[in-house]
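Here is a short tour of a pocket and a helix pair, meant to be read with the model open beside you. Have a look at the structure, and then we can go through both together.

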Amino acid sequence: MDNYDGVRERFSENSGPRNQSVNVLDIVQTFLLFFTEDFVNNIVQETNTYAQQFICGRVFPFRSPARQWVPVTLNEMYVVLALFLLMGIVNKPTLNSYFSTKRLLYTPAFPDVISRDRFQLICKFLHFNDNTKKDNYLGPTRLFKIFPVIQHLNEKFQTLFYPGQNICIDESLTLWKGRLAFKMYLPLKASKFGIKTYELCDSKSGYLWSFIVYTGSETQLNSSLIRENTNKTTSVVLHLVEPLLHRGHTLWMDNYYNSPQLAKLLKNHGTDCVGTLRLNRKGVPTTVKNTKLRKGEIIAQHAGPITVLKWQDKKPVSVISTFHNADTQTDIKRNKEIKKPKIIIDYNEMMGGVDLKDQLLQYYNVERKRLHKWYMKLFRRLLNATVVNAMIIYNKNQERLTDHLAFRVNLVEGLLLKFTDQEQAARRVQGRRHSSDNTIPRLRERHFISKIPPSGKKARPQRRCVVCTKNKRRKETVYWCSDCDVGLCIDQCFQDYHTKLNF
């Protein structure tokens, strides 16, 4: 390594918002850059088409909500998306509990903007691709149901933001435990079972710039650099990073992807490559592979611009880089100074872009509700990732950090104010019963009105209506509720007494 002179590629781009996202200072407008009206209109059209196909030719029970189906509108679809995001903030065990009128569970934001039956119907018929067009479909077969969403968001993620010099590629997992041909098991992930995606993120902000949904052997990887003998992991990297070549980026990856051949290929295309390395990869020097080290010792060897280094910690750690040398640097861990190779310190700092994105998603997990369709869960995951990307663009335009929770609350509030029909919402609030405490017998049990008996010890004291008395009106009545043993007017008083906690 004495004659090694590593040179890092010069980054030639300006990172940050691009195209329509420049100087957008409104939270809702930032989100609508991704979920545009044309895109949501397409979802509306496919949802209405699928609902018509589902209902046609079927005979539903008399009380089935499907009999009341009317085509969904653009505004309703945005309201449903906003409520999906609100479910990530307000965590409840079931869908019905969001619309409950019980005093302890009551959340007026949901029933104020849409009825429970309508919301469930839209979720039932939510669709992204016409089933009748499957024969003419040219994309990945297993992703037919959600391919328009994947294609649209991949395009928007790349055109609205440009990442910084440091980018990283890693895997992410969307939890799914049901039957699925391409379900994966990743023991090191928090979810372990689910739908795997390969993702390229900005190392500093966690912005999701590009992704591939893994579908097994059918995964489509397109790049002009892929050859017949190119292995699968290299093909994944080339597919994701090809639009960013020749611009001076530094790509950080773990040992699942790295190899000396890939590092050389990327360096020839103006892109640096750094990361951990498996010593059984083709091209790893035999000296580095076989030399046994004591704790703290380092061995490194280079071939041209590519360095392979092994450092003995508790276990041997092997890394590869296209511009680092074997220099060490003092790192403080648990109040102890430890000498580490600088390449490892830099790797620990820059590799966490995908993990940062997953961490931001996990705080407000939109897809955690039990769903019976895998593509609906993946759609909610992508919706959640879109919110994180929108927040990163908003923060860049504002040139300051916005609280994550405040951003989501303001986004949901803005979407509901913009797309909710205020007149219908007012009528819904006016006609809905107020929340009640169902532990009180008069609010829980069935009650019947009857005339007060002509005789008996309780007949005379109960002739005064208790509701009128509480409202400081003196009014006598000949009707009562025998179970509650109170006098009540036959009109509104009887209903108020048995439906309202505070009448």
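## What lines the largest pocket

In this predicted model, the lining of the largest pocket divides into 13 nonpolar, 4 polar and 8 charged residues. The pocket has a volume of about 680 Å³. Of its 25 lining residues, Leu-95, Cys-123, Arg-370, Leu-371 and His-372 are the closest to the centre, so they are a handy place to begin on screen.

## Where the lining comes from

Which helices each supply at least two residues of this lining? They are H3 (74–89), H4 (95–98), H6 (116–125) and H13 (374–398). H6 gives the largest share, with 6 residues.

You can also follow the lining by domain: at least three residues come from domain 1 (35–127 + 405–426), and at least three from domain 2 (134–398).

## H3 and its partner H2

Helix H3, one of the helices that supply the pocket lining, also meets helix H2 (residues 37–55): their axes come within 9 Å and cross at roughly 100 degrees. Angles of 65 to 115 degrees count as roughly perpendicular, which means that H2 is roughly perpendicular to H3.

On the H2 side, the contact is made by Glu-37, Val-40, Asn-41, Ile-43, Val-44 and Thr-47. H3 answers with Leu-74, Met-77, Tyr-78 and Leu-81. Sorted by character, the residues of this contact are 7 nonpolar, 2 polar and 1 charged.

Terms used. Residues numbered from 1 in each chain as written. Predicted model: local features only at pLDDT ≥ 70, side-chain atom pairs only at ≥ 80, totals over all residues. Heavy atoms only, no water. 1 Å grid on protein atoms, 1.4 Å probe; cavity = no way out; pocket = protein on both sides within 12 Å on 5 of 7 lines; lining within 4 Å. Points joined across faces, edges and corners; volume = space filled by probe spheres on them. Helix = DSSP H or I, 4+ residues; strand = E, 2+ residues; numbered from the N terminus. Nonpolar A, V, L, I, M, F, W, Y, C, P; charged D, E, K, R; others polar. Domains from an automatic or database assignment. Axes fitted to C-alpha atoms, helices over the stretch in contact; angles between N-to-C directions. Parallel < 35°, antiparallel > 145°, perpendicular 65-115°, else oblique. Contact = heavy atoms within 4.5 Å.
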